[in-house]
Amino acid sequence: LAQRHAALAASRVPILFTPGDNEWLDCSRLPAGGFDPLGRLERLRSLFFEPPRAPRGVSDLVRQSDAPGHRPFPENLRWHVGETVFVTVNLPGSDNGREGAPAMQAHHALRADANEAWLREASGLAARAARPLLVIAAHADPGFEREDGAHLAANLRLGIGMRRSGQ
């Protein structure tokens, strides 16, 4: 993790990291080190998000954990460039950590609530500031279009159009 952090920090272009399942959730598997996933997530947070490090050119980086009334999810970030609001959410693959021990299930529920609140807040900020573009970065499919035809944007009342990258 320290080597990856150093490589990202040395980049000449602005890079912000959002964790995925390989960085913390899958680490309990023996070939991946046999780590405790929540302990691995804490290590990621301390290395990549404490203290907050905005890349060159990003002056208004906000961590969800710094916003009043939010739970400690420093990996959820927000910033803007021109007319675009960018937001990251910790949404890993491997079923988003829903399965497993009670501690993992409890963490999933807290993280899911925090992600939803963070997306609502980012959408509201974009609308209030007349920034018509919202870019959401996450590791896994956020489920904007689910099999039942429901759209996350409608469920969250984000009031924005959704387009996945590559479409």
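Glu 121 and Arg 78 meet in a salt bridge whose closest N and O atoms lie 3.0 Å apart. This pair links distant parts of the chain, since Glu 121 belongs to helix α3 and Arg 78 to strand β2, with the two positions 43 residues apart in numbering. The model is a predicted one, and the values that follow are computed from it. The two partners differ in burial class: Glu 121 counts as partly exposed at 27% relative accessibility, whereas Arg 78, at 10%, counts as buried because the limit for that class is under 20%.

The structure holds seven salt bridges, and three of the pairs are set out below with the separation of their N and O atoms.

| Acidic residue | Basic residue | N to O distance |
|---|---|---|
| Glu 121 | Arg 78 | 3.0 Å |
| Asp 66 | Arg 63 | 2.8 Å |
| Asp 26 | Arg 29 | 3.7 Å |

In the pair formed by Asp 66 and Arg 63, the acidic residue counts as partly exposed at 46% relative accessibility, while Arg 63 is buried, with a relative accessible area of 8%. For the bridge between the side chains of Arg 29 and Asp 26, the acidic partner, Asp 26, counts as buried at 7% relative accessibility. Salt bridges also form a network, in which Glu 42, Arg 45 and Glu 75 are linked.

Turning to the nonpolar interior, the largest core has 13 residues, of which Trp 24 and Phe 48 touch the most other members. The elements that give two or more residues to this core are α2, spanning 37–49, and β2, spanning 77–81, and of the contributing elements α2 gives the most, with five residues. The contacts of Phe 48, leaving aside residues up to four places away in sequence, are with Leu 1, Arg 4, His 5, Leu 8, Phe 17 and Arg 53. Apart from the largest core lies another, of 11 residues, which includes Val 85, Leu 91, Leu 119 and Ala 126. In soluble globular proteins, nonpolar side chains tend to be buried together.

Helix α3, which covers residues 102–128, also contains His 108. With a relative accessibility of 13%, His 108 counts as buried, because that value falls under the 20% cut-off. When residues up to four places away in sequence are not counted, His 108 touches Asn 96, Gly 97 and Arg 98.

Notes. Residues numbered from 1 in each chain as written. Predicted model: local features only at pLDDT ≥ 70, side-chain atom pairs only at ≥ 80, totals over all residues. Heavy atoms only, no water. Core = buried A, V, L, I, M, F, W, Y, C linked by side-chain atoms within 4.5 Å. Buried < 20%, exposed > 50% of the residue type's maximum accessible area, 1.4 Å probe, protein only. Helix = DSSP H or I, 4+ residues; strand = E, 2+ residues; numbered from the N terminus. Contact = heavy atoms within 4.5 Å. Salt bridge = Lys/Arg side-chain N within 4 Å of Asp/Glu carboxyl O.
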